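Q: Hi, got a minute to walk me through this one? I'd like to start with a helix and what packs around it.

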Amino acid sequence: MKKLQIYKENGEFVIERVNEFNHAFKRNFISEQGLLEGVQSYQPVIDEYELEVSDELWSLVINFLNSKDFQE
């Protein structure tokens with residue numbers, strides 16, 4: 001299963017996409033807004049991924065995924 005791992009590392013927000021071959025691609029963001037825009041880019045295919053979100057970012061990401069902004 002493909003995974004999206006979302007966490008904070010060295011003061012930056014990270015989305016790490018791990019494909020079915022266990023190969024990872026990392027995207028770093030300096031702001032929460034940038035992170036949410038990065039998550040938004042997965043909107044058409046989000047159901048293909050297992051989400052792993054750090055405790056620190058869980059509420060931010062889950063609230064965004066349930067928001068009208070993400071659903072559009």
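A: Happy to. One caveat up front: this is a predicted model. In helix α1, which covers residues 32-40, the buried residues are G34, L35, L36, G38 and V39.

Q: What covers the buried residues of α1?

A: The cover includes the strands β1, β2 and β3, along with α2 and α3, the latter being residues 68-71.

Q: Is there a general reason to look at the spacing of residues in a helix?

A: Yes, an α-helix has 3.6 residues a turn, so residues three or four places apart point the same way.

Q: Okay, zooming out. How many helices and strands does the protein chain have?

A: There are three helices and four strands in the protein chain. In sequence order they give the pattern β-β-β-α-β-α-α.

Q: Now the sheet. Which way do β1 and β2 run, parallel or antiparallel?

A: Antiparallel, and seven bridges join β1 to β2. They form a hairpin with two residues between the strands.

Q: And β1 with β4, parallel or antiparallel?

A: Parallel this time, over five bridges.

Q: Which residues are the bridge partners of Q5?

A: Q5 has E52 as its bridge partner in β4, and in β2 its bridge partner is E16.

Q: What about β2 and β3, how many bridges join them?

A: Six, with strand β2 (residues 12-18) and strand β3 (residues 24-29) running antiparallel. F13 is paired there, with F29 as its bridge partner in β3. β2 and β3 also make a hairpin, with five residues between them.

Q: I'd like to check the backbone torsions in the loops. Which residue between β1 and β2 has a positive phi?

A: N10, with phi near 55°, a positive value in a residue other than glycine. N10 sits in the loop between β1 (2-9) and β2.

Q: Is N10 buried or exposed?

A: Exposed, as its relative accessible area is 77%.

Q: And in the turn between β2 and β3, which residue has a positive phi?

A: That's N22, at about 65°, although N22 is not a glycine. N22 belongs to the loop between β2 and β3.

Q: Buried or exposed, for N22?

A: N22 counts as exposed, because its relative accessibility is 65% and the cut-off for exposed is over 50%.

Q: Switching to the interior. Where does V61 lie, and is it buried or exposed?

A: V61 is part of helix α2, residues 58-65. V61 has 1% relative accessibility, so it counts as buried.

Q: What is V61 in contact with, leaving aside its neighbours within four places in sequence?

A: I6 and V53. As for distances, the C-alpha atoms of V61 and E32 are 9.7 Å apart, with the two positions 29 residues apart in sequence numbering.

Q: Now Y49, where is that?

A: Y49 is in strand β4, which covers residues 49-53. With 11% relative accessibility, Y49 counts as buried, since buried means under 20%.

Q: Which residues is Y49 in contact with, again leaving aside neighbours within four places?

A: Y49 is in contact with M1, K2, K3, L4, R17 and Y42. For K3 there is a C-alpha separation as well: 4.9 Å from Y49, with the two 46 residues apart along the chain.

Q: How much of the contact set in the protein chain comes from residues 24 or more positions apart?

A: They account for 45% of the contacts with a separation of 6 or more.

Q: Let's do overall shape. Why would you say the radius of gyration agrees with a compact globule?

A: Because a compact globule with 72 residues would have a radius of gyration near 11 Å, and the protein chain has 12 Å. Along the principal axes, the C-alpha trace spans about 30 × 30 × 20 Å.

Q: What share of the residues counts as buried?

A: For the protein chain, 38% of the 72 residues count as buried.

Q: And the exposed surface, what area is that?

A: About 4,700 Å² for the protein chain, with carbon and sulfur atoms supplying 47% of it.

Q: Last one, charges. How many positive and negative side chains are there?

A: The protein chain has 7 positive and 14 negative side chains. The centres of the two sets lie 3 Å apart.

Methods:
Residues are numbered from 1 along each chain as its sequence is written. This is a predicted model: local features need pLDDT of at least 70, side-chain atom pairs count only at pLDDT 80 or more; totals for chains, interfaces and linings use all residues. Side-chain values use heavy atoms; hydrogens and water are left out. The radius of gyration is taken over C-alpha atoms; the globule rule is 2.2 Å times the number of residues to the power 0.38. Buried means under 20% relative accessible area, exposed over 50%, partly exposed in between (1.4 Å probe, protein chains only). Contact means heavy atoms within 4.5 Å. Accessible areas come from the Shrake-Rupley method with a 1.4 Å probe; for residues, only the protein chains shown count as cover. Lys and Arg count as positive and Asp and Glu as negative; His and the chain ends are not counted. The place of a charge is taken as NZ of Lys, CZ of Arg, CG of Asp or CD of Glu. Two strands pair if DSSP finds at least two bridges between them.
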